[in-house]
Amino acid sequence: MNINLTLIGQTITFFLFVWFCYKFVWPPLINALAERKKIISEGLAAAERGKHEQALAEKRSTKVLREAKGQASEIIGRAEKRASEIVEEAKNDAKLEGERLLITARGEIDQEVNRAKDQLRQQVVALAVAGAEQILKREIDAEVHNQVIDELVTQL
Amino acid sequence: MAGGTQTASEYIKHHLQNMTYGQLPDGSWGLAHNAQEAKEMGFMAVHVDTMFWSILLGGFFLWLFRKVAKNATSGTPSGLQNFVEWVVEFIDTSVKGSFHGRNAMVAPMALTIFIWVFLINFMDLIPVDWLPQVAALVGQYVFGMDPHHVYFKVVPSTDPNATFGMALAVFMLSLYFSFKIKGVAGFVGELTLHPFSSSNKIVQLLFVPINLMLELVALIAKPLSLSLRLYGNMFAGEMIFILIALMYGGGWALGIFGGFLQLGWAIFHILIITLQAYIFMVLTIVYMDLAYQTAEEH
């Protein structure tokens with residue numbers, strides 16, 4: 001319980017310890033704490049920013065989607081219109097072609113008829129010549145002549 | 001009990017005696033063999049045990065915290081760094097709450113005081129006979145001393161030298177900053193112009209000695225109360241531990257009862273040692289804050 005040099009020794013020790021703590025212990029610790037605080041606040045701010053950006057992106061994407069849908073339906077409409085046009089054109093073409101074919105067919109039929117007529121004429125002439133020959137061979141017989149002529153008439 | 005032949009009174013006295021190094025009656029220098037010799041050494045003596053434990057514990061604190069500080073990262077802290085950061089943050093909040101000046105030294109000083117005083121007080125929880133017995137054995141077999149004359153107090157804060165030493169350092173710092181912030185005139189004014197003041201010059205002159213007396217008492221009371229509070233609490237706690245330890249010499253029943261008493265007192269003492277360290281720290285911060293306050297703010 002005596003007061004002695006220990007008092008001075010303790011005072012000096014105290015100053016040394018405080019100095020050491022002030023110089024080497026406190027600054028790195030408090031700096032690390034401050035830095036961590038900064039990092040955390042930055043992280044939180046970044047998260048907030050990210051959330052905001054995500055909301056914006058979502059808005060943008062729905063807008064783009066809506067536009068795309070509109071464009072798609074427009075394209076489909078145009079395509080359908082074009083398809084019906086094509087079908088219409090094809091129908092017209094087919095009709096024209098059919099008419100054209102009909103005309104040529106008719107022409108051919110006419111030609112055939114004429115040719116048949118020509119042949120028939122030639123055959124009539126030949127028959128007439130043959131009839132005349134027979135009549136001339138049997139001399140003249142009125143009854144026979146009439147009969148022949150009737151035959152001719154039926155053959156015409 | 002240390003040595004079977006001691007009486008209770010001798011046992012207590014033995015426990016309350018520091019290991020003192022100084023000039024012996026025969027003129028040579030050495031450790032005092034008894035309380036009488038230690039007393040006669042006067043001021044030119046050193047309590048070896050007090051210095052040893054306080055420096056060892058302070059060194060341990062600085063080593064531990066320095067180790068963490070060197071590897072401190074702002075990333076995810078590991079276990080020890082977590083603990084140290086928790087302490088540092090706690091001290092920093094306390095200092096920011098009470099100290100309004102601008103001085104980067106106050107917070108590290110508060111940290112040093114808190115941990116150092118806590119560790120010093122913590123020595124009180126080690127059973128009272130363990131370390132003194134070890135010291136007696138070392139003294140007997142290593143230095144060839146009489147084991148009964150090896151005195152060893154392990155709790156530096158039960159030595160008024162230690163608490164006064166720390167309080168003196170705080171006092172010196174607060175005086176230094178007072179002079180630095182307010183100047184000599186400001187400091188003297190603070191001592192002489194409060195609490196009584198008058199606009200009449202002659203009345204004011206009469207008030208000066210009264211003010212000076214009151215303010216000087218208040219000034220001196222700060223370090224005294226700071227150190228005596230810690231010393232008184234720790235000394236009383238230590239004394240109760242010693243008294244409980246006496247029971248172990250009183251037979252089985254008393255010994256077991258003493259064991260429970262010691263456990264209970266130690267658990268209660270955990271609160272006291274922490275509280276005393278905290279109070280010492282907070283008062284230091286407050287004194288520094290007072291040193292930084294200028295007269296107009298009174």
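This report covers the interface between chain A and chain B, a surface patch and the fold of chain B. The model is predicted.

**Interface**

The two chains touch unevenly by residue count. On one side, 30 residues of chain A are in contact; on the other, 57 residues of chain B. Together the chains bury about 3900 Å². Carbon and sulfur atoms carry 74% of that buried area.

Polar links are also present. The count is 13 residue pairs in polar contact between chain A and chain B, both partners at pLDDT 80 or more. By class, the chain A side that touches chain B has 21 nonpolar residues, seven polar and two charged.

| Quantity for chain A and chain B | Value |
|---|---|
| Buried area | about 3900 Å² |
| Share of buried area on carbon and sulfur | 74% |
| Residue pairs in polar contact | 13 pairs |
| Salt bridges across the interface | one salt bridge |

**The salt bridge between chains**

Over all chains, the structure holds eight salt bridges. The pair that crosses between chains runs from A:R36 in helix α1 of chain A to B:E85 in helix α4 of chain B. Helix α4 of chain B spans residues 79–98. The side chains of A:R36 and B:E85 meet at 2.8 Å, N to O. Why does this pair count as a salt bridge? The distance of 2.8 Å lies within the 4 Å cut-off, so the Arg nitrogen and the Glu carboxyl oxygen qualify.

**A nonpolar surface patch**

A nonpolar patch on the surface draws on both chains. Chain A supplies A:I3, A:I8, A:I12 and A:L16. Chain B supplies B:Y21, B:W29, B:F43, B:M44 and B:V48. Together these residues have about 840 Å² of accessible area.

Which element gives the patch its largest share? Helix α1 of chain A does, with three residues. This helix covers residues 6–137. A:I8 has its place there. Helix α1 of chain A also holds A:R36, the chain A partner in the salt bridge to B:E85.

**Chain B**

Chain B has nine helices and three strands. Along the sequence, the pattern reads α-β-β-α-β-α-α-α-α-α-α-α. Taken along the principal axes, the C-alpha atoms of chain B fill a box of roughly 75 × 55 × 40 Å.

Key: Residues numbered from 1 in each chain as written. Chains lettered and ligands numbered in written order. Predicted model: local features only at pLDDT ≥ 70, side-chain atom pairs only at ≥ 80, totals over all residues. Heavy atoms only, no water. Contact = heavy atoms within 4.5 Å. Buried area = accessible area lost by both parts, 1.4 Å probe. Polar contact = N/O pair within 3.5 Å; in protein donor to acceptor, adjacent residues only side chain to side chain. Nonpolar A, V, L, I, M, F, W, Y, C, P; charged D, E, K, R; others polar. Patch = residues over 30% accessible without salt bridge, like charges linked within 9 Å, V, L, I, M, F, W, Y side chains within 5 Å. Areas by Shrake-Rupley, 256 points an atom, 1.4 Å probe, with all protein chains shown as cover. Helix = DSSP H or I, 4+ residues; strand = E, 2+ residues; numbered from the N terminus.
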